[in-house]
Amino acid sequence: MKTRLWAATVVKVAVVVAASVVAYYSMKFLNAVFNLGLTQETYGFAAAFIATAAGVIVSNIVGNALIVHLRPALKEKAFSVGNVVKLLGFFFSIIIAFTIAKIGAEVAVLGGTVTGLVLGLALQQVLGNLFAGLIILATRFITVGDVVRITSTGLPYQWAMLPAYKWFSPDYVVPGYKGRVVEIGLFYTTIILDMGQEMRIPNSIVLSSGVVDYTPQWSERNIVMIRLELPLSIIDFDNLEKEITEVLGGLKVLAVDYTEQSDKDYVILRIKIEVPEGVDWRAAKSEALKRLLKYRDAKIHEKFYRYACLTRGILCDKYAAEMVKSANS
């Protein structure tokens, strides 16, 4: 696999070099045939441009090959190595271009100053993303494989406003885009969103954003909160916590408590469970919620006439008869 990778890399580099040589001598040939009047100075600048373009392309090819080659061993650090190689290749390409064009020191300084001012203004965002990418790679602000949520005003985001009744809950919404980091490039970072889409975010936005990291590197526990709406008519307050813990047997239940009532007939039950590291929290939450819903249905069936009368306002005669029967027994 690696032999094929480097063989393909050598072929691509050879093609770029050959195309550069062909482009340069084609210009000379056209000048000789059509008498275009190109001077040696023009040839120098053309050669410098071709060399710069070829150097940038070759640097990208070699850098990407290094990333693929080193990724199994170094993981996210492979991107740092590959990107540094690319950056050094860009600088060497510019130096070689100045050498080929035979630009003097004074002209180079003057031209570099003017060009730097123009490019600095024109490429402000591009350079900002470049240096932000280098900082992210060097400081490990985020790393490949992290599950993160990017919260920034630089990324348009609108959270759901309805149904409004959900906002009585003490749970909070973190506005932003959540996904797994799959690549940190020189100019942008790529994450795979929860829904599977690929999202590319400029590095300057990533570096200036708040980042919620869901990867348990420093966090001690991964806690999932589940809310269940229960009718007051079916709740046995003295035994509820014990029953919920039994229903969720096999899952580590940290707490069972009540929050605000959604209305006069229902109360919100909040259950906190701890998900072990390496276990998909979605699967654990789905399993817990499935068991809790079955528990609610079973309790309604067990106390159906009480539920029908006190919660639904129907079949109260049946409930009264049941109460009389219970009192006489």
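Select F237 first: this residue is partly exposed, with a relative accessible area of 47% (buried means under 20% relative accessible area, exposed over 50%, and partly exposed in between, with a 1.4 Å probe and protein chains only). The model is predicted, so local features need pLDDT of at least 70 and side-chain atom pairs count only at pLDDT 80 or more, while totals for chains, interfaces and linings use all residues. Residues are numbered from 1 along each chain as its sequence is written, and side-chain values use heavy atoms, with hydrogens and water left out.

**Aromatic pairs**

Three aromatic pairs are counted, where rings of Phe, Tyr and Trp (its six-membered ring) pair if their centres lie within 6.5 Å; planes under 30 degrees apart count as stacked, over 60 as edge-to-face and the rest as tilted. Add Y258 to the selection: the ring centres of F237 and Y258 are 5.7 Å apart and the planes stand at 55°, so this pair is tilted. The pair links distant parts of the chain, since F237 lies in the loop between β6 and α7 and Y258 in strand β7, 21 residues apart. Helices (H or I, at least four residues) and strands (E, at least two) are DSSP runs, numbered from the N terminus. Y258 is partly exposed, with a relative accessible area of 38%.

Next, select F304 and Y305, an edge-to-face aromatic pair with 5.6 Å from centre to centre and 65° between the planes. F304 is partly exposed at 39% relative accessibility, and Y305 is partly exposed at 30%.

**The disulfide**

Move to C309 and C316, which are joined by a disulfide with an S to S distance of 2.2 Å. The criterion is a pair of cysteine sulfur atoms within 2.5 Å, and the count by this rule is one disulfide. The link of C309 and C316 is right-handed, with 100° about the S-S bond. C309 is buried at a relative accessible area of 14%, whereas C316 is partly exposed at 34%.

**Strand β8 and its partners**

Now display β8, in which eight of the nine residues are buried. β6 and β8 pair in the antiparallel sense over nine bridges; two strands pair if DSSP finds at least two bridges between them. Within this pairing, R227 stands opposite R270 in β8. Strand β7 (residues 252-258) and β8 are also antiparallel, over six bridges. V256 has I271 in β8 as its bridge partner.

**The nonpolar cores**

Select I244 and I271, the residues with the most contacts inside the largest nonpolar core, which has 22 residues. Such a core is a set of buried Ala, Val, Leu, Ile, Met, Phe, Trp, Tyr and Cys residues joined through side-chain atoms within 4.5 Å. β6 (223-231), α7 (240-247), β8 (266-274) and α8 (281-302) each supply at least two residues of this largest core. Not counting residues up to four places away in sequence, I244 touches V256, L269, I271, L292 and Y295 (contact means heavy atoms within 4.5 Å). Apart from the largest core lies another, of 17 residues, among them I136, I142, V181 and I201.

**A buried lysine**

Finish at K178, located in strand β2 (residues 177-184). Is K178 buried or exposed? At 11% relative accessibility, K178 counts as buried. To view its surroundings, select V147, V148, R149, I192, L193, D194, Y214 and W281, which K178 contacts when its neighbours within four places in sequence are left aside.
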